[in-house]
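Student: I have a structure open and would like to talk it through with you. Could we go over the strands before anything else?

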Amino acid sequence: CYMALATSNVEICNLALTKLGEDPITALTEDSKAGRLSNLHFARLRNVVLRSHTWNFAVKRASLAQSTVAPEYRFTAKYALPDDFLRIIDCNLLNDVSWKIEGKFLVCDADTVKIRYIAQIEDPGQFDELFIEALAARIASELAIPLADNVNLSDFMEQRYQRKLREARTADATEGNPEFLEASTWLDSRVDYNSPYPFEN
C-alpha cells in the first residue's frame, strides 16, 4: 500500500508498517505492539532523519542573541541557539574565526552571529515527500526486528532510507544556486553523526 503524501504522524507510521506487512494503527496512543513501538520511536527518528540532510523545508535562519555570561576560557562570547535547533548548516563567521557548538550555545570570538540551520519541524504538513519516504523507511528499519523478527528486512529498509537521502540531494541540486548548494552538501559529507560533537569547527 503506497501513500503519495502523508498528512499526519500516524499516516507516516502506517506507511512504515505496511512496508513490513503489518496492520495499520489508528493512533500513536493505540494499545497494540505496533502502536506502542511507533509511539516510542517516531519523534526520535523524525529528528534523526531531519539531521541527516539539509531538507529545504526544514531550513531556517536566525540572528543569535548573545548571552550575558561569557565562556570560561578560550572564547569571548556565546550565543543561545534557537529552541528548535537540530543542526547548523552555515553561519556568517569568516573562515579565520573559530567557533564551536557547545550544548545549546554557539561559542566564538565575534560580536554578531547569524546562522542557517535545520529546525525541528513537528508539523507533518510541512514535510517534503522525499522526507516522508525516507522517514517511513527509517522507521520500518527500526521496527522490522521487534515486529517482524526480520533482520534482512531491516537491512533492506536501511538501504532504502539511504537511497532516499541520495534522491533528496539530487533534488536539492535543482532548487538553488549550485555553488551555495555544494557548500551544504560538503557539510553533509563531513559530519560524523556518531560523534558527540558532530558540528565542531
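Tutor: Gladly, and please keep in mind that this is a predicted model. A good place to begin is strand E4 (residues 85–91), which runs antiparallel to E7 and is joined to it by 5 bridges. Within that pairing, Arg 87 has Ile 118 as its bridge partner in E7.

Student: Which strand does E1 pair with, and over how many bridges?

Tutor: E1 pairs with E7 in the antiparallel sense, over 5 bridges, and in this pairing Lys 60 stands opposite Tyr 117 of E7.

Student: Is E7 largely enclosed or not, and why?

Tutor: Strand E7 (residues 114–119) has 5 of its 6 residues buried, so the rest of the structure largely encloses it.

Student: What about the sheet of 4 strands, what order does it have?

Tutor: That sheet is open, its order is E2-E3-E6-E5, and the pairing is antiparallel. Strand E2 (65–66) and strand E5 (99–102) are the edge strands, each of them pairing on one side only.

Student: How many bridges hold each of those pairings?

Tutor: Going along the order, E2 is joined to strand E3 (residues 77–80) by 2 bridges, with Ala 65 opposite Ala 80 of E3. E3 is in turn joined to E6 by 4 bridges, and there Ala 77 stands opposite Cys 108 of E6. E5 and strand E6 (residues 105–108) pair over 4 bridges, and Glu 102 has Phe 105 as its bridge partner in E6.

Student: Phe 105 has a charge sitting over its ring, I think; which residue does that come from?

Tutor: It comes from Lys 78, whose charged end sits over the ring of Phe 105 at 4.4 Å from the ring centre. There is also Arg 138, which lies over the face of Tyr 161 at 6.0 Å from the ring centre.

Student: Changing topic to ring pairs: how many aromatic pairs are there in the whole structure?

Tutor: A search of the whole structure finds 6 aromatic pairs. One of them is formed by Trp 55 and Phe 57, a tilted pair with 6.4 Å from centre to centre and 45° between the planes.

Student: Why is the pair of Phe 57 and Phe 131 called edge-to-face?

Tutor: Its ring centres are 5.1 Å apart and the planes stand at 65°, so the pair is edge-to-face, given that planes over 60 degrees apart are counted that way. The pair links distant parts of the chain, 74 residues apart, with Phe 57 in the loop between helix H2 (33–51) and strand E1 (59–63), and Phe 131 in helix H3 (residues 129–148).

Student: Which residues make up the aromatic cluster, and is Phe 131 buried or exposed?

Tutor: Trp 55, Phe 57, Phe 127 and Phe 131 form one aromatic cluster. Phe 131 counts as buried because its relative accessibility is 0%, and Trp 55 is buried as well, with a relative accessible area of 2%.

Student: Where would I find positive phi values outside glycine?

Tutor: Arg 74 has a phi near 70°, and this residue lies in the loop between E2 and E3. Asp 149 has a phi near 50°, and lies in the loop between H3 and helix H4 (151–172). Their values deserve a second look because most residues other than glycine have a negative phi.

Student: Buried or exposed, those two?

Tutor: Arg 74 is exposed, with a relative accessible area of 56%, and Asp 149 counts as exposed too, at 66% relative accessibility.

Student: Now pockets: what is the volume of the second largest one, and what lines it?

Tutor: The second largest pocket has a volume of about 160 Å³, and its lining includes Ala 80, Asp 83, Phe 85, Lys 104 and Gln 120. The lining residues divide into 5 nonpolar, 2 polar and 3 charged.

Student: And the overall picture, how many helices and strands are there?

Tutor: The protein comes to 5 helices and 7 strands, running α-α-β-β-β-β-β-β-β-α-α-α from the N terminus. Buried residues make up 46% of its 201 residues.

Notes. Residues numbered from 1 in each chain as written. Predicted model: local features only at pLDDT ≥ 70, side-chain atom pairs only at ≥ 80, totals over all residues. Heavy atoms only, no water. 1 Å grid on protein atoms, 1.4 Å probe; cavity = no way out; pocket = protein on both sides within 12 Å on 5 of 7 lines; lining within 4 Å. Points joined across faces, edges and corners; volume = space filled by probe spheres on them. Nonpolar A, V, L, I, M, F, W, Y, C, P; charged D, E, K, R; others polar. Pairing = 2+ DSSP bridges. Phe/Tyr/Trp six-rings, centres within 6.5 Å; stacked < 30°, edge-to-face > 60°. Buried < 20%, exposed > 50% of the residue type's maximum accessible area, 1.4 Å probe, protein only. Lys NZ or Arg CZ within 6 Å of the ring centre and 35° of its normal.
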